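Welcome! Take a moment to look at the sequence and the structure, and then read on for a short tour.

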Amino acid sequence: MFNILIADPLSEDGIQPLRNADNMNIVIDTNLTPQELEEKIGEFDALLVRSQTQVTRNLLSKASKLKIIGRAGVGVDNIDLDAATEHGIIVVNAPNGNTNSAAEHTMAMIMALSRKIPQAYNSLKNRKWDRKKYIGVELKNKTLGIVGLGRIGAEVAHRAKGQRMDIIAYDPFLTKEKADNMGIGSGTLQEVLQAADFITIHTPLLKDTRHLLNTEAFQLMKPGVQIVNCARGGIIDEDALYEAIVSKKVAGAALDVFEEEPFLDNKLLELPEVIATPHLGASTIEAQESVAIDVCEDVISFLTVDSVKNPVNLPSVPRDVLSKIEPYFHMAEKLGEFLIHLTEEVVEEINVYYSGELSAFEVSPLTRNTVKGLLKRHLGNHVNDVNALYLAERRGITIHENKTSTAKGFTNLLKVEIKTKSEKRSVSGTLLNGLGPRFVKVEEYSVDFTPKGHIVVIHHKDQPGVIGKMGSLLAQHDINIATMQVDRSDIGGNAIMILSVDKHMENEELAILKSIEEIKEVFAIDL
Ligand SMILES: NC(=O)C1=CN([C@@H]2O[C@H](COP(=O)(O)OP(=O)(O)OC[C@H]3O[C@@H](n4cnc5c(N)ncnc54)[C@H](O)[C@@H]3O)[C@@H](O)[C@H]2O)C=CC1
Ligand SMILES: O=C(O)CCC(=O)C(=O)O
């Protein structure tokens with residue numbers, strides 16, 4: 001049974017997939033104080049939130065069972081992603097479900113701002129019939145500057161064109177060609193700020209976008225510019241905006257989001273030029289249902305079959321690519337698990353080589369699995385796909401991915417190599433159609449065995465009688481050899497023996513093998 005905590009209000013229809021799934025114990029508690037949440041979080045496998053609950057490093061340090069955080073929405077700035085990654089907790093969001101609603105809300109804000117609708121409404125409510133005070137401006141032929149042309153920014157552009165506005169956008173990923181195809185202009189941030197009559201922000205809140213609109217940015221703008229923020233508080237420096245409005249540089253601002261949320265007081269609200277909503281961009285029945293369904297489906301899928309559609313702290317791999325590389329996941333992990341047992345030294349470097357058909361794919365999930373397998377020996381089950389690379393990096397291990405299209409006789413080959421201060425060890429595996437994974441090389445030796453069960457790797461001198469001695473010693477200890485592979489560098493040179501035996505080899509049994517003069521190294525690996 002998985003315990004799921006829903007800590008912010010989610011659409012009841014949207015959480016139906018969770019209610020319908022087997023083994024899910026759902027607790028809905030949207031009134032927990034941060035302290036209460038900290039006390040409870042240790043019981044839960046999954047946490048579902050919107051933008052209100054702050055998922056801090058401190059909270060995550062108490063979340064000993066937590067495997068997944070679902071953010072029913074886009075922005076994940078209320079979740080400490082680094083801490084989640086370090087704890088091996090996957091974060092998923094719902095990037096598409098509220099795009100329309102946020103774009104529609106932005107358009108509603110632009111129109112309400114341009115015609116001073118909230119101010120006029122308030123005045124009328126106060127029984128004043130004032131037609132002179134609330135003269136607005138048309139949107140037609142005005143320039144809308146869009147900062148951040150992702151999903152929502154692009155939807156706003158389409159809608160604003162319907163209002164016959166001219167659009168100019170800035171986004172680090174916006175090419176001239178893409179802008180031309182959308183029938184909009186593009187420019188640098190400075191050009192957009194200088195050209196626009198209305199400016200709307202649609203970036204995430206990141207280190208680079210914090211206070212993107214600050215005093216210097218306001219100075220670049222046209223006098224009388226109007227500002228809309230339906231993205232995140234903090235992208236606009238609220239003090240600078242306040243000054244820009246008081247000095248009449250900015251004629252008006254429509255804000256759905258604020259530096260501090262929720263709040264009871266904010267000096268911007270004292271200004272008649274400011275209209276505001278309490279973070280309602282995604283607050284529609286459709287958006288709430290859609291984002292809740294998306295995260296619930298990912299939570300179920302993660303807890304039951306370990307796959308997700310919208311990971312935030314894992315690379316997202318297209319479904320068709322995933323279906324091609326998925327069969328290699330198990331082998332990648334086993335290669336790592338096997339290889340780490342061939343050294344007692346500190347690993348400094350991991351090289352993963354993808355050859356043959358594998359080289360055509362996005363393989364980073366396989367590298368993660370390999371590193372997970374490598375680290376598991378010393379870090380246990382605490383290491384997973386989410387934190388494997390982070391944990392390796394923190395230990396100063398460098399990781400390289402290499403690809404070649406030829407696979408030396410195999411259709412696909414995955415080779416993993418580790419380097420320590422004084423050693424270099426490697427193992428290669430291939431996936432045989434219908435036969436599953438086979439390990440085909442250990443260091444320079446050609447072998448062929450299934451990475452399963454109790455494996456013994458023996459480095460020895462190529463000399464008559466070694467195999468016999470070893471076989472009889474194992475027999476004396478009632479250890480049955482199931483399979484045996486032997487290869488050598490040259491006659492009388494170094495050789496390797498890979499045994500698969502029927503039981504786990506105890507240290508004393510390994511010591512007996514090591515006592516054979518021609519045997520140089522023995523490793524026992526349980527896969
Ligand atoms: N008010 C509300 O209720 C809602 C707010 N949002 C906010 O809207 C934001 C945008 O959402 P989406 O469009 O879905 O995200 P998105 O990821 O599709 O688009 C964000 C765009 O911002 C661009 N960007 C990043 N840094 C930039 C910079 N320094 N200057 C210019 N552009 C930059 C990115 O390249 C990307 O194209 C989200 O981060 C979220 O915080 C989203 C939904 C509802
Ligand atoms: O959960 C909400 O209502 C806020 C939505 C939002 O801000 C987002 O998706 O980034």
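## The ACT span

The ends of residues 455–527 have C-alpha atoms 8 Å apart. Helix makes up 26% of this span and strand 42%. Keep in mind that the model is a predicted one. An unreviewed UniProt entry annotates residues 455–527 as "domain: ACT".

Within these numbers you will also come across Asp478, in the loop between α17 (466–476) and β20 (481–488). Asp478 is not a glycine, yet its phi is positive, at about 60°. Is Asp478 buried or exposed? It counts as exposed, because it has 9 C-beta neighbours inside 10 Å and the cut-off for exposed is 12 or fewer.

## Around ligand 1

Next, let's visit the ligand. Ligand 1 is surrounded by 32 residues, the closest being Gly75, Gly148, Gly150, Pro204 and Gly281. By character, the shell has 15 nonpolar, 12 polar and five charged residues.

Where do these residues come from? Domain 1 (2–96 + 286–305) and domain 2 (99–276) each provide at least three of them. Helices α5 (99–114) and α7 (151–162) each supply at least two, and α7 gives the most, with three.

## Two backbone details

Two more spots deserve a look. The peptide bond between Glu261 and Pro262 is cis, with omega near -15°. Pro262 sits in the loop that links β11 (250–255) and β12 (274–276).

Asn141 belongs to the loop between α6 (117–125) and β6 (143–147). Though not a glycine, Asn141 has a positive phi of about 65°. Asn141 is exposed, with 10 other C-beta atoms within 10 Å.

Technical notes
Residues numbered from 1 in each chain as written. Chains lettered and ligands numbered in written order. Predicted model: local features only at pLDDT ≥ 70, side-chain atom pairs only at ≥ 80, totals over all residues. Near = placed C-beta within 6 Å. Helix = DSSP H or I, 4+ residues; strand = E, 2+ residues; numbered from the N terminus. Nonpolar A, V, L, I, M, F, W, Y, C, P; charged D, E, K, R; others polar. Domains from an automatic or database assignment. UniProt positions renumbered as here; feature names shortened; annotations may be inferred. Buried ≥ 20, exposed ≤ 12 C-beta atoms within 10 Å, placed from the backbone.
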